[in-house]
Amino acid sequence: MANERILSHNQIILRRRIFTGVKYFFLVALGIFFVFPFLYLFTSSFMTDEQILNTTSIIPKKISFDSYKTLFEHTELLLYVKNTLLVCVLNISGVCLMSSLTAFGLCKVKFKGQDLVFTLILATLLLPGTVTGVPLFTIYAKLGWTGTLFPLWVPIWFGGGATNIFLIRQFMRGIPKSYSEAAIIDGASSIKIYWSIVMPLVKPIRPFFRERVGLCQRLHFGNGIQDA
């Protein structure tokens with residue numbers, strides 16, 4: 001009986017090891033499948049045009065830096081990188097700061113007409129971008145912003161966007177009022193409550209905003225470059 005139990009236990013361990021091995025085999029194979037295009041893209045950048053067209057190997061026979069030389073001579077790559085980083089950093093900072101500040105005012109600071117203001121903010125989501133495109137362009141043109149990066153980051157600093165305000169306000173509603181009330185008793189101002197109490201508690205949602213805004217700006221910035 002004891003031998004049967006030992007045998008059964010060993011069989012279970014063997015099955016688990018086989019299952020784990022098969023699982024990791026497929027995971028590694030899937031990882032190679034997805035990484036291979038990037039690997040080929042990287043290695044082919046060190047090949048000449050002739051090597052790329054006439055060989056199936058991903059390892060260059062002779063390393064060539066002509067592609068990188070052409071890239072830096074015929075494009076303004078560093079300018080593109082600088083503009084992209086500048087726009088993304090300013091937008092991410094603006095969304096995280098202004099949307100949370102606006103949501104704090106609509107959630108934790110009580111004033112007359114609070115619900116009406118929030119409703120009007122949500123109502124702006126009903127306006128498609130095709131409707132506001134021409135008026136916005138007219139405003140930017142009168143401000144002399146055409147051909148600049150200002151339209152890509154300045155508007156986000158005026159509220160942070162209706163969707164972002166809605167999401168972070170809903171998150172803030174889960175923060176107990178007792179935290180703010182205790183801070184008020186201790187003499188904390190609204191700004192102090194916002195910065196020292198509420199902002200640390202909304203850390204879990206901030207990475208979502210950074211990723212969402214970064215993705216949106218990559219798409220918008222790319223479309224802007226194509227239109228230009």
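1. First, a bit of vocabulary: a helix axis here is a line fitted to C-alpha atoms over the stretch in contact, and angles between axes run from 0 to 180 degrees between N-to-C directions. With that in hand, α5 and α8 pack at an angle of about 135 degrees, their axes lying 8 Å apart. Angles under 35 degrees count as roughly parallel, over 145 as roughly antiparallel, 65 to 115 as roughly perpendicular and the rest as oblique, so α5 and α8 are oblique to each other.

2. Before going on, keep in mind that this is a predicted model, where local features need pLDDT of at least 70 and side-chain atom pairs count only at pLDDT 80 or more, while totals for chains, interfaces and linings use all residues. Residues are numbered from 1 along each chain as its sequence is written, and side-chain values use heavy atoms, with hydrogens and water left out.

3. Now the big picture. The protein chain has eleven helices and zero strands (helices are DSSP runs of H or I with at least four residues, strands are runs of E with at least two, and numbering starts from the N terminus). Of its 228 residues, 24% count as buried (buried means under 20% relative accessible area, exposed over 50%, partly exposed in between, with a 1.4 Å probe and protein chains only). Take the contacts (heavy atoms within 4.5 Å) with a separation of 6 or more: residues 24 or more positions apart account for 62% of them.

4. Back to α5 and α8: which way do they cross? α5 passes α8 in a left-handed crossing (left-handed if the near helix is turned anticlockwise from the far one by less than a right angle, right-handed if clockwise). On the α5 side the contact uses F118, I121 and L122, and on the α8 side A162, I165, F166 and R169. By class, that makes six nonpolar, no polar and one charged residues (Ala, Val, Leu, Ile, Met, Phe, Trp, Tyr, Cys and Pro count as nonpolar, Asp, Glu, Lys and Arg as charged, and the others, Gly among them, as polar).

5. Helix α8 (residues 162–172) also packs with helix α4 (residues 77–107), at about 55 degrees with axes 8 Å apart. That pair is therefore oblique as well, but the crossing of α4 and α8 is right-handed. Residues meeting across it include F104 and L106 in α4, and I168 and M172 in α8. The contact of α4 with α8 has eight nonpolar, four polar and one charged residues.

6. What about α9 and α10? Helix α9 (residues 177–185) and helix α10 (residues 190–201) pack at about 155 degrees, with axes 11 Å apart, so they are roughly antiparallel to each other. Their crossing is right-handed. Y179, S180, A183 and I184 of α9 make the contact with I193, I197 and L201 of α10. Sorted by class, there are six nonpolar, one polar and no charged residues.

7. Two single residues deserve a look. Q114 sits in helix α5 (residues 114–123), and is Q114 buried or exposed? Q114 is buried, because its relative accessible area is 10%. The Q114 side chain reaches the backbone oxygen of V109 at 2.6 Å (a polar contact is a pair of N or O atoms within 3.5 Å; within protein, one must be able to donate a hydrogen and the other to accept it, and residues adjacent in sequence count only if both atoms are side-chain atoms).

8. The other one is N83, in helix α4. N83 has 15% relative accessibility, so it counts as buried. N83 and L149 are 66 residues apart in sequence, yet 7.9 Å apart in space, C-alpha to C-alpha.
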